[in-house]
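Please open the structure in a viewer and keep the selection panel at hand. The tour proceeds by selecting one part at a time.

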Amino acid sequence: MIYADNAATTELCPEAYDAMKPYLLHEYGNASQSYSFAKSAKKALKSARETIATCIGASPEEIYFTSGGTESDNWVIKSALFADKKRNRIITSEIEHHAILNSCNSVNMLGIPVTVLPVDNKGYVLPSVLEKAIADDTYLVSIMFANNEIGTIEPIKELANITHTHGILFHTDAVQALGHIPINVHDLGIDFLSSSAHKFNGPKGIGFLYIRKGVNLHSYVDGGSQEKGHRAGTENIASIEGMAAALKKNVDHISRVTSNLRAIEHTLVSALKQSNLDFIRNGDEQHLPGNISLSFRGAEGEMLLHRLDLKGICISTGSACNSINTQVSHVIKAIHVPPEYAEGTIRITFGANNTQEDAMQIARELIRILHT
Ligand code: PLP
């Protein structure tokens, strides 16, 4: 099998697995208890928080564990319901993940005004467009760090800077970016950052929300006093440990993995170009390492996915979260891919475990399918 759908999820790394094992088997104490047996869980929670904070240039008390990217996104967007009624508008972009877009729809039904910004044909939210959209009633700007379908990396520092000039909070959904490109929340001026471990070789169902010190975000899950009373529920120590180990490993190896992924991408795209296939590569030069979104003229993405599947190759058509839906995705529509290409869109996302041979094999199969 060739797994080339790393934007959907990634393989758990051995370091994460090893870090999790003791907490799944023997160290099952509840971190909230005060007897000695719970000490190991408490210590693990503290050190995982420190490791994660170091990886993003934050302080440990700014990290709040959640069940993943979807929950972190919901938490930030739904906080608008508790904001000042005269200042509760959310500004976001049309290419966000549905965890953001559907959360915005929900709060909008409850009276929160939402402005959805367009992107250019490479998927960028232009700083000038954001500047014009900011109004007196804006509470929050939420723009993803990097897009899951086309890999475009947004100008986060500039967007956060404009947002702060107007005294507004800035959130970024960094689910696809964290662990794959360097991120320092303080240098970039980010107030909230959503993350998910299974996108950087950690376990599924665990993530975190970075909340800048001094910013008050209403609690999302009410209950006990975990996460300083902001996100209640007994902590999933094993997964938190696995997430910290995976993030540290990824961050330590970002530059080596990035150059490897750039070379693999180049192999695939050059082989397709040499075969004279008629296709567009979506996104821009500045994209997530390993992310290749291609639109083939006159083809059907769904057919390509199934034909490649028969050869043991896993790729995606649109966003993995809704791959049962064969319609052109909201991202491909937003960047105005011409209709004769749009339906033939596939997403290949290579990860740390892929090789040059994987790229050649995928290219060969695509050429065979599309030339017959
Ligand atoms: N945000 C983005 C950009 C994503 O790509 C995804 C998952 O595909 C999510 C949020 C949801 O993350 P999770 O699977 O951890 O809920």
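The stops below concern the ligand and its surroundings, and then one helix. Please bear in mind throughout that the model is predicted.

**First stop: the ligand**

Select the ligand and display the residues around it. The shell consists of 14 residues, and the closest include Thr70, Asp173 and Gln176; Ser196 and Lys199 also belong to that closest group. By character, the shell divides into eight polar, three nonpolar and three charged residues. Helix H3, residues 69-78, supplies the largest share of the shell, with three residues.

**Second stop: polar contacts of the ligand**

Select glycine 69, where a backbone N or O atom lies 2.8 Å from a ligand oxygen atom. Move next to threonine 70: a polar atom of its side chain is 2.5 Å from an oxygen atom of the ligand. Then select histidine 97, whose side chain places an N or O atom 3.5 Å from a ligand oxygen atom. On its own the ligand has 390 Å² of accessible area, and the protein covers 89% of this.

**Third stop: helix H8**

Select residues 237-252, which form helix H8. Its end C-alpha atoms are 22 Å apart; this agrees with the expected span, because 16 residues at 1.5 Å a residue should extend over 22 Å. Now colour the buried residues of H8, among them Ile237, Ile240, Glu241, Met243, Leu247 and Asn250. Which elements do the buried residues of H8 pack against? To see them, display helices H1 (14-25), H2 (39-56) and H9 (254-274), together with strands S2 (63-66) and S8 (207-211).

Methods
Residues numbered from 1 in each chain as written. Predicted model: local features only at pLDDT ≥ 70, side-chain atom pairs only at ≥ 80, totals over all residues. Heavy atoms only, no water. Helix = DSSP H or I, 4+ residues; strand = E, 2+ residues; numbered from the N terminus. Expected span 1.5 Å × (residues − 1). Buried < 20%, exposed > 50% of the residue type's maximum accessible area, 1.4 Å probe, protein only. Contact = heavy atoms within 4.5 Å. Near = heavy atom within 4 Å. Polar contact = N/O pair within 3.5 Å; in protein donor to acceptor, adjacent residues only side chain to side chain. Areas by Shrake-Rupley, 256 points an atom, 1.4 Å probe, with all protein chains shown as cover. Nonpolar A, V, L, I, M, F, W, Y, C, P; charged D, E, K, R; others polar.
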